[in-house]
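Look at the sequence and the model before you start. Then work through the exercises below, one step at a time.

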Amino acid sequence: MKVMMYQMDVIAGKPEENRAKVSEWLQYEYKKYEPDVVVLPEMWTTGYALDELEQIAETSGGTTEAFVQQLAKEYNVTIVAGSFAVKTDRGIVNRSIVVNEKGKIIHTYDKIHLVPMLNEPDYLVGGNEKATTFSLNGVNAGVLICYDLRFPEVFRTLALNGAEVIFVVGEWPAARRDHWDTLLKARAIENQCYIVACDTVGEHNNVEYSGNSLVYSPFGTQYVRASPVEEETVYSVLDLEEVATFRKSVPNLKNRVPDLY
Ligand SMILES: O=C(O)CCC(=O)C(=O)O
């Protein structure tokens, strides 16, 4: 599976400009790598301009959704469309969608754990549906969002449901960059799956973002790591055989004794 991520410097509060950035990026980079999957970061349309969301967040089926569907069809590629703010009956959610090459939405996930350090609970409502896996061209996959990384239970649940690849989309503050790396590596090793993590760079409201988009194999090998500060295209080829091989040689998922803890 060939994955290409956009480690993006999101322009806070400017969805149209950010969509244009993604469009230009894909136009320029797609032909270099011809990936199977394109990944965008968390809140890539608005960044953390949370106090503007009432005005700029879309409803389901809005401009950003249609934009991603159009791109997926045009490039014949699956897009893990990071996440963006969506207005629902319950309030605004931080939503990730995955769109296949036919432009069909094949997976939706609303961020369950809202991050208090960035004031998300003051502006957003947490997802109220279980995190699930989906088939990405026959590969069992899941998507989680940023602060979810601190909750190993949700990763474990996806792994027990067969996830071979978990995409983590983030807008992770540079102040805790080391946690991003360490937790991503741990989640890959303990769940014996690929972790494909797409982050942002840049700064907004005195918060600098940490970059370091990366891929860890089930064995904990780092395949690629982007710069901590630059916008970058991050490309990697996943060998899905690695998942089965490692799960067979070190069967910790099978050796759990959940009745005792
Ligand atoms: O957990 C952290 O340190 C950062 C999480 C975060 O920035 C987010 O969920 O957007």
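Three exercises with solutions follow.

This is a predicted model, in which local features need pLDDT of at least 70, side-chain atom pairs count only at pLDDT 80 or more, and totals for chains, interfaces and linings use all residues. Residues are numbered from 1 along each chain as its sequence is written.

**Exercise 1.** Decide how compact the protein chain is for its length.

Solution. Step one: take the radius of gyration, computed over C-alpha atoms. The value is 17 Å. Step two: apply the globule rule, 2.2 Å times the number of residues to the power 0.38. For 261 residues the rule gives 18 Å. Step three: compare. The two values are close, so the chain is as compact as a globular protein of that length.

**Exercise 2.** Classify Glu 34 as buried or exposed.

Solution. Step one: locate Glu 34. The loop between helix H1 (15–33) and strand S2 (37–39) holds this residue. Helices (H or I, at least four residues) and strands (E, at least two) are DSSP runs, numbered from the N terminus. Step two: recall the cut-offs. Buried takes 20 or more other C-beta atoms within 10 Å of a residue's own, exposed 12 or fewer, and partly exposed lies in between; C-beta atoms are placed from the backbone. Step three: count. Glu 34 has 11 C-beta neighbours inside 10 Å, so it is exposed.

**Exercise 3.** Do the same for Gln 192: buried or exposed?

Solution. Step one: find Gln 192 in the loop between helix H6 (177–191) and strand S11 (194–198). Step two: count. Within 10 Å lie 25 other C-beta atoms, so Gln 192 is buried. Step three: check the backbone. Gln 192 is not a glycine, yet its phi is positive, about 55°.
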